[in-house]
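Please open the structure in your viewer and keep the sequence panel visible beside it. This tour proceeds by selection: at each stop you will be told what to select and what is found there.

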Amino acid sequence: MIVESINATSEAYFILLGFSKWPHLETILFTVILVFYLMTLTGNLFIIVLSHLDPRLHTPMYFFLSNLSFLDLCYTTSSIPQLLVNLWGPEKTISYSGCMVQLYFVLALGATECVLLVVMSYDRYAAVCRPLHYTVLMHPRFCHQLALASWISGFSLSAFHSLLTFWVPLCGHHQVDHFFCEVPALLQLSCVDTLANELILTVTSSIFVAIPLILILTSYAAIARAVLRMPSTTGLQKVFGTCGAHLMVVSLFFIPIMCIYLQPSKQNSQDQGKFIALFYTVITPSLNPLIYTLRNKDVRGAVRRLVGRE
């Protein structure tokens, strides 16, 4: 019975309802989302290229920042082009295989970012609290291992969740009440009890969201204590510049994620969830480059050196 249901589903397609309840908003949303998507592509590519070209930015901080930029590029591209197509025309469908691929990459990249932000907070902790041992603690080989572990953990979690989600038999209509394929929306299409899936989702979300957030806050509590003991005002401003930017990125990413995955589904309407998801899939990745570079003297200096060479 389950195999027959899966086989039948695999030959079909899904309808992504997205924002079809508000047809008058679709043109506005298309324009706004396209602008933010182009900002995301431009800003994050700028950070990746600049970090690669300027030798002075070949440090652990900018290595991880380049990873984050590449991650944000992939994360937005996994869902936003499909959303733009659906907003532009009457067709709002996605194939079964396309939905599987989208679900896998959205989950994988989101989980990877949770872990990578922890790694970046540890880098800042080592730089501020253990400056004399920083080059030993953040050896290039260890940095590559940390980045690789972030990617592997995220993609492994996604493989597990994707298999669980698409093994559930889907019955009746194939209208996904979201603008991309995500686990809670797909589970609503099931004709069997999905309590076990929802419980596993809650547990793994706690591991990949709550625990990283606790580790990040712990790192910054230690950084705050170290900063308060600093006699130099210049050093204090530099620490606040780099750490403040990271904390802002953490807040913009984790707060919406917690609203979606760590609260009981009945407390948030599906429509509210769409707009929250729109924030962390569209707006946050476009703001990250601005937050990290706007007041960053290293980046401004790298730009001046690059322009000078030209």
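A nonpolar surface patch, in the sense used here, is made of nonpolar side chains joined within 5 Å, taken from residues that have over 30% relative accessible area and no salt bridge. The model in which you will look for one is predicted.

**First stop: the surface patch**

Select Leu-199, Val-203, Ile-207, Ile-211 and Leu-215, which make a nonpolar surface patch of about 440 Å². Then keep Ile-211 alone and follow the backbone around it: Ile-211 lies in helix α9, residues 195-228. Is Ile-211 buried, partly exposed or exposed? Its relative accessibility is 44%, so Ile-211 counts as partly exposed.

**Second stop: the whole chain**

Now display the entire protein chain as a cartoon. Twelve helices and three strands can be traced in it. The chain has 310 residues, and 48% of them are buried. Switch to a surface display: about 15700 Å² is exposed, and carbon and sulfur atoms supply 69% of that area. Among contacts between residues at least 6 apart in sequence, 80% join residues at least 24 apart.

**Third stop: the nonpolar core**

Select Phe-14, Ile-33, Phe-64, Leu-117, Leu-186, Phe-254 and Tyr-280. Of the 81 residues in the largest nonpolar core, these touch the most other members. Which helix gives the most to this core? Helix α5, residues 96-129, does so with 14 residues. Next, centre the view on Ile-33. Leaving out residues up to four places away in sequence, Ile-33 touches Ile-80, Leu-83, Leu-84, Leu-87, Leu-278 and Val-282.

**Fourth stop: a buried glycine**

Select Gly-18, in the loop between β1 (13-16) and α2 (26-53). Gly-18 has a relative accessible area of 5%, which means that this residue is buried. Apart from residues up to four places away in sequence, Gly-18 touches Val-176, His-178, Phe-179 and Lys-274. Add Leu-83 to the selection: the C-alpha atoms of Gly-18 and Leu-83 are separated by 7.9 Å, although the two residues are 65 apart along the chain.

**Fifth stop: the salt bridges**

Side chains of opposite charge can pair when their charged atoms come close. How many salt bridges does a search of the whole structure find? The search finds four.

Begin with Glu-26 and Lys-92, whose closest N and O atoms are 3.1 Å apart in a salt bridge. This pair links distant parts of the chain, 66 residues apart: Glu-26 belongs to helix α2, and Lys-92 to the loop between α4 (80-88) and β2 (93-95). Glu-26 is buried at 12% relative accessible area, and Lys-92 is buried at 15%.

Move on to Arg-305 and Asp-54, whose side chains meet in a salt bridge at 3.0 Å, N to O. Arg-305 lies in helix α12 (residues 297-309) and Asp-54 in the loop between α2 and α3 (60-77), so the pair ties together parts that are 251 residues apart in sequence. Arg-305 is partly exposed, with 26% relative accessibility, whereas Asp-54 is buried, with a relative accessible area of 3%.

Finally, select Asp-123 and Arg-124, which form a salt bridge with closest N and O atoms 2.9 Å apart. Both Asp-123 and Arg-124 are buried.

**Last stop: the end of a helix**

Select Thr-293, in helix α11, residues 270-293. Thr-293 is buried, with a relative accessible area of 15%. A polar atom of its side chain lies 2.5 Å from the backbone oxygen of Pro-289. Leaving aside neighbours within four places in sequence, Thr-293 is in contact with Ile-47 and Val-299.

Note on methods
Residues are numbered from 1 along each chain as its sequence is written. This is a predicted model: local features need pLDDT of at least 70, side-chain atom pairs count only at pLDDT 80 or more; totals for chains, interfaces and linings use all residues. Side-chain values use heavy atoms; hydrogens and water are left out. Helices (H or I, at least four residues) and strands (E, at least two) are DSSP runs, numbered from the N terminus. Buried means under 20% relative accessible area, exposed over 50%, partly exposed in between (1.4 Å probe, protein chains only). A polar contact is a pair of N or O atoms within 3.5 Å; within protein, one must be able to donate a hydrogen and the other to accept it, and residues adjacent in sequence count only if both atoms are side-chain atoms. Contact means heavy atoms within 4.5 Å. A nonpolar core is a set of buried Ala, Val, Leu, Ile, Met, Phe, Trp, Tyr and Cys residues joined through side-chain atoms within 4.5 Å. Patches are made of residues with over 30% relative accessible area and no salt bridge: like charges are joined within 9 Å, nonpolar side chains (Val, Leu, Ile, Met, Phe, Trp, Tyr) within 5 Å. Accessible areas come from the Shrake-Rupley method with a 1.4 Å probe; for residues, only the protein chains shown count as cover.
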